[in-house]
Amino acid sequence: MVLRVFNTMSGKLEEFKPLREKHVGIYVCGPTVYDWAHLGHARTYIAFDVIVRWLEFKGFSVFYVQNVTDVGHLTEDTAEDKIVKRAREERIEPMQLVEFYMREYFRDLDSLGVKRPDISPRATGHLIEMIEAIQSLIEKGYAYEVNGNVFFDVSKFEDYGKLSKVKSEAMLAGSRFEVHPDKRNPKDFALWKRADKDALLKWGSPWSHGFPGWHIECAIMGLKYLGPQFDIHGGARDLKFPHHENEIAQCEALTGKKPFVKYWLHTGFLTINGEKMAKSLGNYITVREALKKYDAEAIRLFVLSTHYRSEIDFTDKKLRGAETSLGRLYNTLDGLEEAMERSVEREPARVEKTFEKRIEKLRAEFVEAMDEDFNTPRALAALFDSSREINRFLGEQKQVSTELLKGVYDGFLELGRILGLFQKERAKKVSEKLVNDLVNLLVELRENLRRKGDFELSDEIRAKLRESGVVVEDTSEGSKWKLA
Ligand code: AMP
Ligand code: ZN
């Protein structure tokens with residue numbers, strides 16, 4: 001089945017055909033690490049996590065780059081570097097702040113079951129590449145320097161505005177910044193900024209001791225790791241303009257290759273009382289706080305119950321509802337496991353085959369939904385329908401064919417896992433297997449010791465295992481163990 005994605009550039013659903021067969025390169029704008037990750041971030045990164053998982057399920061080999069912004073992202077009101085401002089307030093090194101929040105960001109997203117990107121490049125690790133690119137843009141006539149500041153000359157880039165469709169006049173209306181006096185045109189944006197004498201973050205460059213603009217950072221890291229043209233670029237909808245519009249201008253001006261990105265994907269906001277959840281608005285709930293109150297997979301379920309492009313309003317009631325729904329899915333898994341214990345090895349009967357067909361149909365509905373621009377709410381509806389079908393079937397049947405149950409169980413688990421659910425099940429299984437393997441190993445070692453006549457040590461191992469609740473019995477067929 002073909003996958004169709006909504007491309008912000010065309011404003012339409014398009015068939016997904018990557019530039020290189022079977023390979024997908026994706027760049028998602030990463031967090032600015034000066035504070036805790038909040039549920040708004042979680043919304044965007046869970047959405048892209050599922051997009052990546054789906055691409056992998058479709059057989060693509062995915063190369064996922066998500067940067068870490070550690071310099072150059074300015075506050076909207078006072079135009080100060082967010083990281084520098086916070087580090088100054090806390091009287092610590094900016095990189096100390098960055099290191100702390102970056103590590104905590106990864107811990108939080110790990111807890112939410114978000115797979116880590118293949119590369120997490122940091123802006124400050126790519127200053128040489130940025131300086132070279134800015135130099136090249138000046139040489140090509142796309143950028144100019146005034147008083148140690150370098151700006152991109154928007155008037156030189158014909159296609160400016162093609163992604164966001166923001167009209168020239170409207171581009172300025174939204175900005176709360178005062179126009180920098182060195183700009184030739186108010187729409188121009190900074191590639192390099194001269195820093196004050198006592199600035200906490202600054203680097204040498206041909207123009208001044210300063211720091212890069214936020215937009216050149218993602219442009220350069222995207223080019224460096226994914227090349228002059230790649231498949232998917234993502235972020236939340238607020239990044240369309242100016243951030244992504246400026247990335248296009250810089251990259252296409254630099255390389256001359258168009259389009260820089262084939263598919264632009266943007267997530268809708270997570271809101272609270274109808275307002276975007278944001279650090280600057282102070283209306284945020286951190287992922288850490290949320291994890292104390294709600295199950296991690298329930299947070300995922302809540303996020304995925306809405307299509308990634310739509311807004312999603314956070315309420316405690318919705319999260320509690322997601323916990324209940326998640327419980328239903330786990331009950332189905334438990335039911336299947338129990339049924340497997342009393343199942344019989346035989347060919348599936350007619351009634352079982354009919355049931356299997358219904359489950360297959362629901363699986364096809366799940367796949368169709370995900371292929372239609374990653375429609376997770378519809379995919380979830382198919383998963384819940386499967387859950388109901390399975391529960392009803394298990395309630396009606398006394399004994400079921402092992403083969404049939406195994407197929408249904410694996411299929412149900414697989415679909416949930418694509419959405420990042422049922423991780424608990426895996427953790428449980430992994431730890432069960434580990435315990436089994438370790439006890440087997442100890443019992444085997446003890447048996448070897450006994451054969452060699454080292455009864456003292458072998459008895460000690462048996463006694464220690466007994467203390468841990470494992471009973472070892474020596475039989476004519478060797479040692480066996482069971483839980484006390
Ligand atoms: P930031 O840390 O502000 O640079 O944001 C990192 C990513 O999270 C960007 O793609 C943002 O657009 C996204 N993001 C921030 N707040 C929200 C929100 N309330 N809902 C959805 N995405 C958000
Ligand atoms: Zn970015």
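These exercises work through a predicted model, step by step.

Local features are taken from residues with pLDDT of at least 70, side-chain atom pairs only at pLDDT 80 or more, while totals for chains, interfaces and linings use all residues. Residues are numbered from 1 along each chain, chains are lettered from A and ligands numbered from 1 in the order in which they are written, and side-chain values use heavy atoms, without hydrogens and water.

**Exercise 1. The zinc ion**

Task: Find which residues coordinate the zinc ion (ligand 2), and place Cys29 and His243 in the chain.

Solution.
Step 1. Look for donors, which are N, O and S atoms within 2.8 Å of the metal (3.2 Å for Na, K and Ca); water is not among the atoms, so a site may look incomplete.
Step 2. The zinc ion is held by Cys29 (SG), Cys218 (SG) and His243 (NE2), at 2.1 to 2.2 Å.
Step 3. Along the chain these donors have the spacing C-x188-C-x24-H.
Step 4. Cys29 is in the loop between β3 (23-28) and α1 (39-57), whereas His243 is in helix α7 (residues 240-255); the two are 214 residues apart. Helices (H or I, at least four residues) and strands (E, at least two) are DSSP runs, numbered from the N terminus.
Step 5. Both Cys29 and His243 are buried. Buried means under 20% relative accessible area, exposed over 50%, and partly exposed in between (1.4 Å probe, protein chains only).

**Exercise 2. A hairpin**

Task: Describe how strands β5 and β6 are joined.

Solution.
Step 1. Two strands pair if DSSP finds at least two bridges between them.
Step 2. Strand β5 (residues 143-146) and strand β6 (residues 149-152) run antiparallel and are joined by four bridges.
Step 3. Tyr144 has Phe151 in β6 as its bridge partner.
Step 4. The two strands form a hairpin with two residues between them, and Asn147 in the turn has a positive phi of about 50°.

**Exercise 3. Phe16, Phe60 and Lys22**

Task: Classify the ring pair of Phe16 and Phe60, then describe Lys22.

Solution.
Step 1. Rings of Phe, Tyr and Trp (its six-membered ring) pair if their centres lie within 6.5 Å; planes under 30 degrees apart count as stacked, over 60 as edge-to-face and the rest as tilted. This rule gives 21 aromatic pairs.
Step 2. The ring centres of Phe16 and Phe60 are 5.6 Å apart and the planes stand at 90°, so this pair is edge-to-face.
Step 3. Phe16 is in the loop between β2 (12-15) and β3, and Phe60 in the loop between α1 and β4 (61-66), so the pair ties together parts that are 44 residues apart in sequence.
Step 4. Phe16 is buried, at 6% relative accessible area, and Phe60 is buried at 14%.
Step 5. Ring pairs also bring in Tyr263, giving a cluster of Phe16, Phe60 and Tyr263.
Step 6. Lys22 lies over the face of Phe60, 5.4 Å from the ring centre. The rule for a charge over a ring is that NZ of Lys or CZ of Arg is within 6 Å of the ring centre and within 35 degrees of the ring normal.
Step 7. Lys22 is in the loop between β2 and β3 and is partly exposed, with a relative accessible area of 43%. Its phi is near 70°, a positive value in a residue other than glycine.

**Exercise 4. Contacts of ligand 1**

Task: State how many residues surround ligand 1, and list polar atoms that lie by it.

Solution.
Step 1. A residue counts as near a molecule if one of its heavy atoms lies within 4 Å of it.
Step 2. Ligand 1 is surrounded by 18 residues, and the closest are Thr32, Thr44, Asp238, Leu270 and Met277.
Step 3. A nitrogen atom of ligand 1 is 2.7 Å from an N or O atom in the side chain of Thr44.
Step 4. For Asp238, an N or O atom of the side chain is 2.7 Å from an oxygen atom of the ligand.
Step 5. At Leu270 a polar backbone atom is 2.9 Å from a nitrogen atom of ligand 1.

**Exercise 5. Helix α9 and two cis bonds**

Task: Decide whether helix α9 is mostly covered or exposed, and locate two cis peptide bonds.

Solution.
Step 1. In helix α9 (residues 296-304), nine of its nine residues are buried, so the helix is mostly covered.
Step 2. Asp295 caps the N-terminal end of α9, with a side-chain oxygen 2.7 Å from the backbone nitrogen of Glu297.
Step 3. Most peptide bonds are trans.
Step 4. The bond from Phe241 to Pro242 is cis, with omega near 0°, and Pro242 is in helix α7.
Step 5. The bond from Lys258 to Pro259 is cis too, with omega near -5°; Pro259 is in the loop between α7 and β10 (261-267).

How values were computed: A polar contact is a pair of N or O atoms within 3.5 Å; within protein, one must be able to donate a hydrogen and the other to accept it, and residues adjacent in sequence count only if both atoms are side-chain atoms.
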